[in-house]
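The exercises below concern internal space and charged pairs. Work each task on the structure before reading its solution.

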Amino acid sequence: MIKARPASTTLVINTPSPPYAFTDPFDGGVEGADGEAENGEGEDRGAILNIHGTSRLYVGDSHVWSWYRGTSVGPYSAMSALQAMERLADMWLSQGVSPKRVVEVLLHGCENLAVPGMLFGLLARRIEKVGTELDLFLAEPVVWDLEFGRTTSEYSGLRAITEGLANLERRRWTPREVAMWLMVHGGQGRVQDLKKVAKRLVENGDRLGYSQELTKNWAASLDSDQYRVKQHGDAVHIEVEPPPGLRAAQEARTAYQEALQTSMRLKNRYWGSVKHDTEYVPPPSAEIAADLAAGRALLESDGDQMSPRDLDAVAHVTRAAIERAAAGDMEALGDEAQFATELVIGIALSFQEAEGQHHEGQFFDLGADRAVAQAVPAFLTPALAAPLESAGGSIEDVAEAGLAMAGKAPMETRLYLARGCDVVWRGPCHFNPCIHPTALNWLLETARGAEIGPWDQSGQRRPNVQIAGDVAERLQELPGDSVRIAVLDAAIRGLGAAASTDHCCTDEAAALLAALLNVERRAMVVQEREGWPADDRGTHTLIAARALLEGFAKNGDIRPLLEHLDALRAGAQLMSNFLHGLAAAGAENDRLAEAARGVWPSLLRHAIGYLSDDPNPYRDHHWGDWAAAALLPDPLPWTQGLYNEVVGEPIDWVRADDLVEVIDDWLPAARGEVKPVDALISILRKLPEEVQVTRGIPWFSDLCIEDGRVTVKQSWFSDSWLKKIRTTAEELGKLDDWQMLVDSLVVAGNEGLAPYSR
């Protein structure tokens, strides 16, 4: 076999693939590899290696090197061919063909990195049969680099199925393990050979620009002088010690890696898991205190080794500790109360010297300033008076810190400041002046930049204007096209919470909230008519919806909410965004869920009255079907936005029984559109199957068939729902109605229901 077809069989894959099989490096075509190896050109297209007695260019990158494992990016045909080639070569070795001959055949005419990558893996698995064939590979730093990358990918993701091949556990060997095996099993005769390989490895690294710290570390595995035999309990270990000159650098790198791992752990525990893990359980206070100490040590470590994102991680730990302490559990601060206080107040006060950063497009909730903004208000409460005093701070410092963030921080940071004020509204009046007017002043400061000035001819734009004096009064005087809607978010968020709790500023907060909501909806309608993106993400209407729902939860007055909806119906997109935001806000906690359940039947009846409007919002060409569908609430799809405040599992608060008697009146708003059909099915699925059949089939028919003509033949949920209720329809004697509906949909072109048609 070795003399017959193998060379011609492997020729196809050894020849470089056409340009589309690789990446940009092939724009200029493939020239002679030997010529490029001599003059040094072409290295950006791959790697120049001497693994077969001659230096030549092997085209590719780390992806190509790993093709045979199926763990990287590349053409599936090449990956499959390489896996077949590995099995073939493995069979040759099993039948007694020498590794040297296998290398000669597979590298004959080879001009890509895919085959050398597969060949190194093959020889490592079959290392007992190998003589010196791996020496040239181990003398190339590029091989070490590529193999470390490949072995890392073996620990996660998809991999090629290679059952039946020998020594599969060696897939996870790095060149270090390969070198150690050769050293331990090669005998005395191989010691000097491997030392020469180590020397060439360092020399090649120097030529290619690798640091000697790296290459000498690798070369130590090929140098018998660096091997030590050590006793660990009952076991004897053979270990490689790096040269003395490298140990300090290695220790520094180890310290950096430990710091990096600590930083990542803290981020995941206090930010990532909180945000993304619905089963997240807050750490015990003792663990928070320990993590806070670890965070302080992280920031106090060598500045050259500190990751630029360490501060973000530590700030989130600090926020968690301060929130726990504000709730009365001082254990969370441990011995780090002074550190936590200085960190928070220091970062907040730094905004006094900063330029305004109110950039609408800045979204980064991991940022340290976001965590600090949420923590600052807690220092207004009596619970944190002692830590504040121990750090040499005062309530005036806190007031100045919050005011600086409210006026100059990015808009997202201001929103987190408003959220953090929730702890202030829940607390009693304290200090002189009282903490509640202080927090209220912060909220008004966040909106001071909401005015858009007149056209500036020299600057060719309308500049932002900083409002002096009474913010609410000035905003109410402005026309709708002179208001920056996004700047109102933080104030509305904070005022919604302030107006729904009892304290000395409740009435003032309620009046300010009503004023700002009026300004916002008026500006939205005007800007929507002008063709501006008033709320294309639905974030502003979500914040307003939450504030209005908080108010209903407190006093049961639905009028402010309906007034807001009345105004936004002038734009179907605004109306649908508001309804989605209202549904999503109800999913955030039990209090708002109960409020959403209480408000929705009345809201639905009220909104059906818009059918007589001219123009009718439900007939808007772009967003009318969205608005009609949003009248039947489906909260869960809308709980994963930028500014939802869901912690844990969102609440599906909808009680379908409350809406059943209103659906007949809703149907005219939704006929002939796909989205309302799915909205109806979502409600029906929450009802008993008997109701789904007796009332759902007529409702579905009303939406989808007009004057005997099918206007909606299929939706996302229609086929699965109709199939599911068929048995119940038969049991209730409604099969004829079900069948007539299905037949009509199939005749109109619904292929999914064709097997169920007569």
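**Exercise 1.** How much space lies in the second largest cavity?

*Solution.* The model is predicted, so local features need pLDDT of at least 70 and side-chain atom pairs pLDDT 80 or more, while totals for chains, interfaces and linings use all residues. Residues are numbered from 1 along each chain as its sequence is written, and side-chain values use heavy atoms, without hydrogens and water. A cavity is a set of points on a 1 Å grid over the protein atoms alone where a 1.4 Å probe fits but cannot get out; lining residues have an atom within 4 Å of a point. Grid points are joined across faces, edges and corners, and a volume is the space filled by probe spheres set on the points. The second largest cavity holds about 40 Å³. Its lining includes R597, W600 and D658.

**Exercise 2.** Classify R228 and E241, which form a salt bridge, as buried or partly exposed.

*Solution.* A salt bridge is a side-chain nitrogen of Lys or Arg within 4 Å of a carboxyl oxygen of Asp or Glu. In this pair the closest N and O atoms are 3.7 Å apart. Buried means under 20% relative accessible area, exposed over 50%, and partly exposed in between (1.4 Å probe, protein chains only). E241 has 19% and is buried; R228 has 30% and is partly exposed.

**Exercise 3.** Which residue forms a salt bridge with R370, and at what distance?

*Solution.* The partner is D369, with the closest N and O atoms 2.8 Å apart. R370 is buried at 3%, and D369 is buried at 15%.

Terms used. 1 Å grid on protein atoms, 1.4 Å probe; cavity = no way out; pocket = protein on both sides within 12 Å on 5 of 7 lines; lining within 4 Å.
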